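Colleague: Please take a close look at a single part of this model, the metal site, and then follow the chain outward from there. I should be grateful for one connected account, with each term explained.

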Amino acid sequence: MKLTIDKNSAKWMQLPRDVLVGHGVLEEVGYVCRDLKLKGNALIVTGSTTWDIAGRKVSNFLESAGSSVETVITCKATMEEVEKVMEKALEIEATFLLGVGSGRSIDLAKLASTRLELPFISVPTAASHDGIASSRASIVDNGKSTSVQAQAPIAVIADTEIISAAPFRFLAAGCGDIISNYTAVMDWELASRLRNEYFGEYAAALSRMAARVIIEYADSIKPQHETSARLVVKALVSNGVAMSIAGSSRPASGSEHMFSHTLDRIAPKSALHGEQCGVGTIMMMYLHGGNWQEIREALKKIGAPVTAEELGIEDKYIIEALLHAHSIRPERYTILGSGLTPSAAEKVARITKVIS
Ligand SMILES: NC(=O)C1=CN([C@@H]2O[C@H](COP(=O)(O)OP(=O)(O)OC[C@H]3O[C@@H](n4cnc5c(N)ncnc54)[C@H](OP(=O)(O)O)[C@@H]3O)[C@@H](O)[C@H]2O)C=CC1
Ligand SMILES: O=C(CO)COP(=O)(O)O
Ligand SMILES: [Zn+2]
């Protein structure tokens, strides 16, 4: 009899087994594979820039450890690319996949490996969001960006030498994604009170703690600092764990994420996910009646954008995103309720100095 298991249920907490964070850990990839009994044919999913930064080295380390390695270079996080990765994996009879790079490569490897029922290792080259360790993938399907449930990586190998050398904007964006936990949890509590939605105390506490750590250490998060990269990567991994414990992205994604997802759809050129979520957090914290100034100050100290101008997005798209954010994920109740009026949207953006 075939056992049917729902790995996406709140009862099934799927977590990475090996997590390596530190200077030069990339070279441990062969040992990690041995530890996890991953043998045979590896498929590396990477981008053209990140191939040079880390992909080639990972390939060499794996070959030295006895694996046969093929690489697929991707350029878009679309369902067509997921299929391309799956085809390549089937063609080479891959036994495991590695996503080497930033969000796009990791999401493609994550979703393709989930569909093929193969393990995958996440090797981030930047710490720009918590997808590096989570069980969710953001993929463009039929022209629309959607967040889908997938498997968590079996291992995360985060080399802080590489991550700290990446443009600082990525690390600052990662901080924005973590700080956004605050409003995500407030929204979750609200949904629990108003809609009797399940609320996970433990996942919420873990999520708040990661945001607190980043705010408290905002002064010391600096470019080219491996200690900064280490702090942010650990918080991002912790976010992945919080989402796995909750069985959903609730602890790390609320109204501020809905604002960011809406901007991705409507703005001609969106900013980084974590940058948009950070700005969204300032405004959603205002709506919650909380200390939005503290969020703004922390983001400013870190060097993350706090205004529409710094995001490179025109004011009108900020207002439009505020007006439509509530409808992007109607099943997720947040402070946005059934939507803001145009004057309320403009007011929140002006008072919080996101637009001037
Ligand atoms: N799964 C999840 O929960 C989440 C997923 N996402 C998704 O992740 C993607 C965004 O990820 P993000 O990381 O912001 O951006 P991308 O993955 O789009 O990467 C942005 C660019 O940075 C380059 N890059 C990566 N690392 C370095 C480095 N060390 N030095 C120089 N350049 C580098 C990449 O190169 P290359 O071209 O080689 O890749 C790419 O061109 C989106 O597809 C988004 O939807 C966002 C949030 C959460
Ligand atoms: O970005 C995320 C959490 O930080 C993932 O959440 P979503 O479910 O909104 O994609
Ligand atoms: Zn996020």
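Modeller: His273 is partly exposed, with a relative accessible area of 23%; the label covers values between buried, under 20%, and exposed, over 50%, for a 1.4 Å probe and protein chains only. The model is predicted, so local features need pLDDT of at least 70 and side-chain atom pairs pLDDT 80 or more, while totals for chains, interfaces and linings use all residues. Residues are numbered from 1 along each chain as its sequence is written, chains are lettered from A and ligands numbered from 1 in the order in which they are written, and side-chain values use heavy atoms, leaving out hydrogens and water.

His273 belongs to the site of the zinc ion (ligand 3), where Asp177 (OD), His257 (NE2) and His273 (NE2) coordinate the metal at 2.1 Å. Donors are N, O and S atoms within 2.8 Å of the metal (3.2 Å for Na, K and Ca), and sites may look incomplete because water is not among the atoms. Along the sequence, the donor residues follow the spacing D-x79-H-x15-H. His257 lies in helix 10 (residues 255-266) and His273 in helix 11 (residues 273-287), so the two histidines tie together parts that are 16 residues apart in sequence. Helices (H or I, at least four residues) and strands (E, at least two) are DSSP runs, numbered from the N terminus. His257 is buried, at a relative accessible area of 4%.

His273 also leads to the largest pocket, which holds about 1,300 Å³ of space. Of its 47 lining residues, the closest to the centre are Gly103, Arg104, Asp107, His129 and His273. On a 1 Å grid over the protein atoms alone, a pocket is an open set of points with protein on both sides within 12 Å along at least five of seven lines, a cavity is a set where a 1.4 Å probe fits but cannot get out, and lining residues have an atom within 4 Å of a point. Grid points are joined across faces, edges and corners, and a volume is the space filled by probe spheres set on them. Among the elements that each supply at least two lining residues are helix 4 (103-116), helix 6 (168-179), helix 10 and helix 11. Strand 6 gives the most to this lining, with five residues.

Further along helix 11 lies Thr281, which is buried, with a relative accessible area of 0%. Leaving aside residues up to four places away in sequence, Thr281 touches Ile179, Ser180, Thr183, Glu256 and Ile295, contact being heavy atoms within 4.5 Å. The C-alpha atoms of Thr281 and Pro342 are separated by 19 Å, with their positions 61 residues apart along the chain.

Helix 11 has a packing partner in helix 15 (residues 342-351), in which Ala345, Val348 and Ala349 are buried. These three cover an arc of only 95° around the axis, which puts them on the same side of helix 15; the arc is that of the directions from the helix axis to the C-beta atoms. The buried residues of helix 15 pack against helix 11 and helix 14 (315-324). Just after helix 15, Lys353 takes a positive phi of about 65°.

Helix 6 also takes part in the second largest cavity, whose lining receives three residues from it, the most from any element. This cavity has a volume of about 70 Å³.
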